[in-house]
Amino acid sequence: MILNFIDGQYREGSAGRRFDDVNPVDGSLISRVSEASKGDVDDAVRAARDALAGPWGSMTLAQRCDLLYAVAAEIDRRAEDFIAAEVADTGKPWSLASHLDIPRGAANFRVFADVVRNVPTETFTSHAPDGKPALNYALRRPKGVVAVVCPWNLPLLLMTWKVGPALACGNTVVVKPSEETPATAALLGEVMNKVGVPKGVYNVVHGFGPDSAGEFLTTHPGIDAITFTGETRTGAAIIRASAEGIKPVSMELGGKNPAIVFEDADLDVTIAGLTRSVFENTGQVCLGTERVYVQRPVYDAVVQKLAEAAGQLKPGRPQDKAANFGPLISAEHQGKVLSYYKLAMEEGGTAVCGGGIPEMPGDLKSGAWIEPTVWTGLAHGSRVASEEIFGPCCVVIPFDTEAEALRMANDTPYGLAASVYTRDIDRAHRFAAALKVGIAWVNTWFLRDLRTPFGGSGSSGIGREGGVHSLEFYTELSNVCIKFNGGVQ
Ligand code: NAD
Ligand code: 6OD
């Protein structure tokens with residue numbers, strides 16, 4: 001059974017409630033998960049608060065950062081365990097978890113320890129009205145107990161993307177992993193204990209959103225800040241709930257990200273980029289592309305090559321080295337994605353490839369499989385081209401002018417990411433600057449430097465994390481002003 005991790009100990013939820021952790025590859029039961037009660041969430045928040053006042057709060061920055069390096073090293077040492085847990089929960093290819101999710105889980109601790117170690121302090125010298133000098137300097141204090149609420153698509157990566165900087169800045173955390181993917185958050189508790197992170201610094205409570213651990217945590221008076229990654233609607237519910245306690249929030253939400261392909265683009269680079277951004281992780285990446293705008297002279301070639309690339313994807317078990325395409329996270333999500341596949345037909349689209357559920361052998365028939373799908377013939381304003389699907393699919397739409405492409409790319413309430421394919425360096429700069437997104441890539445996709453700002457505008461979120469920007473959320477900044485009455489000049 002997967003247990004809650006509170007105050008350095010694995011515990012069953014006090015209400016005795018459990019739910020299933022299901023393998024989306026074949027629908028089999030991986031484990032039962034112990035759901036945290038309101039009382040358990042209280043205990044986790046109290047443990048986190050005690051740790052702040054205790055050993056964690058009194059550690060030096062260097063000691064704290066050394067411990068985070070040890071966490072990263074232990075994740076690396078136990079990489080196979082983490083990969084196995086992530087793969088079982090998500091069904092993603094072993095190769096993807098071993099190249100992306102788990103190494104990034106470790107990197108998130110190292111990078112943010114380095115950021116915090118190296119961040120300078122802001123100082124200003126000035127003079128009081130009596131002419132005596134004064135020195136102003138900014139101090140950063142941890143926010144306190146941070147609630148970390150996570151989605152299921154990149155479970156360890158996205159959780160540590162929050163936990164790494166939160167701990168580096170001296171906070172303690174209570175994590176609520178997605179009910180679909182509780183395993184790696186739980187496993188990280190073993191790592192924390194092994195390397196000697198004081199008890200109560202890292203806590204995990206399992207459960208759902210409303211009337212469960214998610215709501216109990218985000219409405220808890222003992223937390224000081226909430227960092228959330230997930231759907232825009234859920235983010236709105238959390239903001240409403242947090243308003244009562246005036247809690248700072250960081251929101252990384254949904255998207256409907258465009259890719260824009262100009263006629264001068266290198267088509268090999270473009271197709272490689274699009275194949276990743278549309279289909280990687282079975283399209284379940286918030287930064288993924290679901291709208292592709294292609295300049296008319298290369299439109300047919302891009303549609304054909306992208307459909308061919310989709311045809312090369314091999315669904316199969318995560319451990320199967322020949323397979324490079326996993327299932328969706330759950331039967332429920334499969335139902336949602338399929339409803340858009342149906343809607344695409346109703347809205348007059350043509351599925352150039354895919355459009356349904358693939359024939360899978362044996363017990364894989366019970367998994368949440370879906371075909372990678374490319375549509376043409378859908379209008380820019382159609383629902384399929386406007387609403388986040390979060391599946392391995394995209395709409396391809398032709399354009400004639402740069403202005404038209406920009407108008408369509410920006411015509412969305414979301415503003416998370418975009419990718420532009422062109423060899424024209426002037427256009428690359430001009431177009432990237434005009435995109436209303438948090439992250440614009442040119443001739444690539446999901447190339448991440450963790451020191452850079454990350455986040456979305458509009459319905460895609462509030463705030464930026466990454467590098468020093470994470471410090472803005474995870475620390476409270478105060479200014480100290482010292483007047484030198486003795487008259488140092
Ligand atoms: P979700 O919003 O359904 O759930 C996310 C988490 O919130 C889960 O842990 C869930 O249990 C919890 N939750 C749900 N309702 C809650 C409530 N009322 N109070 C407190 N907690 C609650 O999202 P998901 O389906 O797990 O993930 C997919 C979504 O996440 C997509 O929309 C995707 O775009 C988005 N996402 C965004 C980013 C980003 O960086 N912007 C990254 C990954 C995923
Ligand atoms: O790379 C990251 O730091 C990050 N937050 C990625 C988000 C991916 C969304 O699914």
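Ligand 1 lies between domain 1 (4-253 + 460-479) and domain 2 (257-442), because both give residues to the shell around it; the domain bounds come from an automatic or database domain assignment. This is a predicted model, so local features need pLDDT of at least 70 and side-chain atom pairs count only at pLDDT 80 or more, while totals for chains, interfaces and linings use all residues. As for bookkeeping, residues are numbered from 1 along each chain as its sequence is written, chains are lettered from A and ligands numbered from 1 in the order in which they are written, and side-chain values use heavy atoms, with hydrogens and water left out.

**Ligand 1**

There are 30 residues around ligand 1, and Lys 176, Glu 179, Thr 234, Leu 253 and Glu 388 come nearest. A residue counts as near if one of its heavy atoms lies within 4 Å. By class, that shell has 15 nonpolar, nine polar and six charged residues (Ala, Val, Leu, Ile, Met, Phe, Trp, Tyr, Cys and Pro count as nonpolar, Asp, Glu, Lys and Arg as charged, the others, Gly among them, as polar).

Ligand 1 sits in the largest pocket. A pocket here is an open set of points on a 1 Å grid over the protein atoms alone, with protein on both sides within 12 Å along at least five of seven lines; to sit in one, a molecule needs more than half of its atoms within 2 Å of the grid points. The elements giving two or more residues to the shell are α8 (213-218), β10 (225-229) and α9 (232-243), and α8 gives the largest share, three residues. Helices (H or I, at least four residues) and strands (E, at least two) are DSSP runs, numbered from the N terminus.

**Ligand 2**

Ligand 2 also has domain 1 and domain 2 both contributing to its shell, so it lies between them. Ligand 2 sits in the largest cavity, a cavity being a set of points where a 1.4 Å probe fits but cannot get out. Its shell divides into eight nonpolar, one polar and two charged residues, among them Trp 161, Cys 286 and Phe 454.

**Polar contacts**

These are pairs of N or O atoms within 3.5 Å.

| Ligand oxygen | Protein partner | Distance |
|---|---|---|
| Ligand 1 | Lys 176 side chain | 2.7 Å |
| Ligand 1 | Gly 230 backbone | 3.4 Å |
| Ligand 1 | Glu 388 side chain | 2.6 Å |
| Ligand 2 | Arg 104 side chain | 2.8 Å |
| Ligand 2 | Asn 153 side chain | 2.7 Å |
| Ligand 2 | Arg 448 side chain | 2.7 Å |

And how much of ligand 2 does the protein cover? It covers 99% of the 310 Å² of accessible area that ligand 2 has on its own, using the Shrake-Rupley method with a 1.4 Å probe.

Methods. Polar contact = N/O pair within 3.5 Å; in protein donor to acceptor, adjacent residues only side chain to side chain. 1 Å grid on protein atoms, 1.4 Å probe; cavity = no way out; pocket = protein on both sides within 12 Å on 5 of 7 lines; lining within 4 Å.
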